[in-house]
Amino acid sequence: MRLDRLLALLGEGTRSQVRGAVRDGRVTVNGAVAHDAGMRVDAAASRVCMDGRELSYRRVRHVMMNKPQGVLTAARDRLAQTVMDLLPPMYAAMGCMPAGRLDKDTEGLLILTSDGQLAHRLLSPRHEVGKVYFVRVDGPLDEEDQAAFAAGLHIHDSDGEFDARPAALEILASSPQESEASVRVIEGRYHQVKRMFGARGRRVLFLKRLQIGALKLDPALAPGQWREITEEEIRLLIQEETHG
Ligand code: URA
């Protein structure tokens, strides 16, 4: 493909910005300064650097995002902003997709990957990958709620009926007006956490996913920020959690 197209796909700027960078001698291909933004490069094999920084174009990419509120977990949407809009276009071009979804008003840890097997593993209830959420609700929480979560709640609401798998509820603060808790669930049905609290007469005011498997959301990522994740972190995703 053309060098300027590759640089734009890699998120280094618009076509005209990356052409400017080539004109200014900031881009090298296989060690030699590139003079022609239209030169052909092999995206998978050429070593392309900008300002001495090597740009990678690997086949499988995994991204950790702190999904902000107000953004849809979808590949694309005609009207609303999606999580894919927060990434350089290259990631969509490489087949990177959200693995699972968070509601529009939920924030926190979202994995996007072009590895379909990994996505399946994270989502399949058979693998029981735990997901930990921080939650704020509109009233008190107590030991009875904890026991009900641990026993497995029966959900019966306007979205349907199911028996939720046992979940661990840890109460962080409780008052008659508002409470905070963390909850660990091993399934991911539609509005799962909101419906579990709904079954206890509580409305979720704020929901944030903190952890998937043993992989925690990087606290350095503000809502809307993302970074690629390492192979070591991928292993954490699918390995058993260590508690504490
Ligand atoms: N449970 C919910 O209710 N919403 C989410 O976004 C995630 C889990």
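**A walk through the fold, starting at Asp 51**

Let's begin with Asp 51: its relative accessibility is 49%, so it counts as partly exposed. The cut-off matters here, because a residue has to be over 50% before it is called exposed. Keep in mind as you look around that this is a predicted model.

Where does Asp 51 sit? You'll find Asp 51 in the loop that runs from strand 3 (48–50) to strand 4 (53–55). There's something a bit unusual in its backbone, too. Most residues other than glycine have a negative phi. Asp 51 isn't a glycine, yet its phi is positive, at about 50°.

The two strands on either side of that loop belong together. Strand 3 and strand 4 pair in the antiparallel sense, with three bridges between them. One of the bridge pairs to look for is Met 50 with Arg 53, the latter in strand 4. Now widen the view a little: the pair is part of an open sheet of four strands, ordered 2-1-3-4, with antiparallel pairing. Which strands stand at the edges of this sheet? They are strand 2 (32–33) and strand 4; each has a single partner strand, so one side of each has no neighbour in the sheet.

Time to step back and see the whole thing. The protein has seven helices and 15 strands. Its C-alpha atoms fill a box of roughly 70 × 35 × 30 Å along the principal axes. Of the 244 residues, 45% are buried. If you take the contacts between residues at least 6 apart in sequence, 65% of them join residues at least 24 apart. On the outside, the protein exposes about 12,700 Å², and carbon and sulfur atoms supply 48% of that area.

For a look at a buried spot, head to Leu 112. Leu 112 belongs to strand 7, which covers residues 107–113. Is Leu 112 buried or exposed? Its relative accessibility is 0%, so Leu 112 counts as buried. Who are its neighbours? Leaving aside residues up to four places away in sequence, Leu 112 touches Arg 61, His 62, Val 63 and Met 65, and also Val 83, Met 84 and Leu 87. The list goes on with Cys 96, Met 97, Pro 98 and Ala 99. To get a sense of distance from Leu 112, try Arg 5: the two residues are 107 apart along the chain, and their C-alpha atoms are separated by 23 Å.

Next up, charges. The protein carries 34 positive and 34 negative side chains, and the centres of those two sets lie 7 Å apart. How many salt bridges are there? The count comes to 19.

A good one to visit joins Arg 165 and Glu 128, where the closest N and O atoms are 2.3 Å apart. Arg 165 is in the loop between strand 10 (160–163) and strand 11 (168–174), while Glu 128 is in the loop between helix 4 and strand 8, so the pair ties together parts that are 37 residues apart in sequence. Both partners are partly exposed: Arg 165 has a relative accessibility of 28%, and Glu 128 has 37%. While you're at Glu 128, check its backbone. Its phi is near 50°, a positive value in a residue other than glycine. The loop holding Glu 128 connects helix 4 (116–123) with strand 8 (131–137).

Another salt bridge links Asp 103 and Arg 101, with an N to O distance of 3.5 Å. Here the partners fall into two classes: at 10% relative accessibility Asp 103 counts as buried, whereas Arg 101 is partly exposed at 48%. The cut-off between these two classes is 20%.

Something similar turns up between Glu 187 and Arg 189, whose side chains meet in a salt bridge at 3.7 Å, N to O. Glu 187 is buried, with a relative accessible area of 9%, and Arg 189 is partly exposed at 42%. Elsewhere, salt bridges share partners: Arg 2, Asp 4, Arg 15 and Arg 19 are joined into one network this way.

Terms used: Residues numbered from 1 in each chain as written. Predicted model: local features only at pLDDT ≥ 70, side-chain atom pairs only at ≥ 80, totals over all residues. Heavy atoms only, no water. Helix = DSSP H or I, 4+ residues; strand = E, 2+ residues; numbered from the N terminus. Buried < 20%, exposed > 50% of the residue type's maximum accessible area, 1.4 Å probe, protein only. Contact = heavy atoms within 4.5 Å. Areas by Shrake-Rupley, 256 points an atom, 1.4 Å probe, with all protein chains shown as cover. Lys, Arg positive; Asp, Glu negative; His and termini not counted. Charge placed at Lys NZ, Arg CZ, Asp CG, Glu CD. Salt bridge = Lys/Arg side-chain N within 4 Å of Asp/Glu carboxyl O. Pairing = 2+ DSSP bridges.
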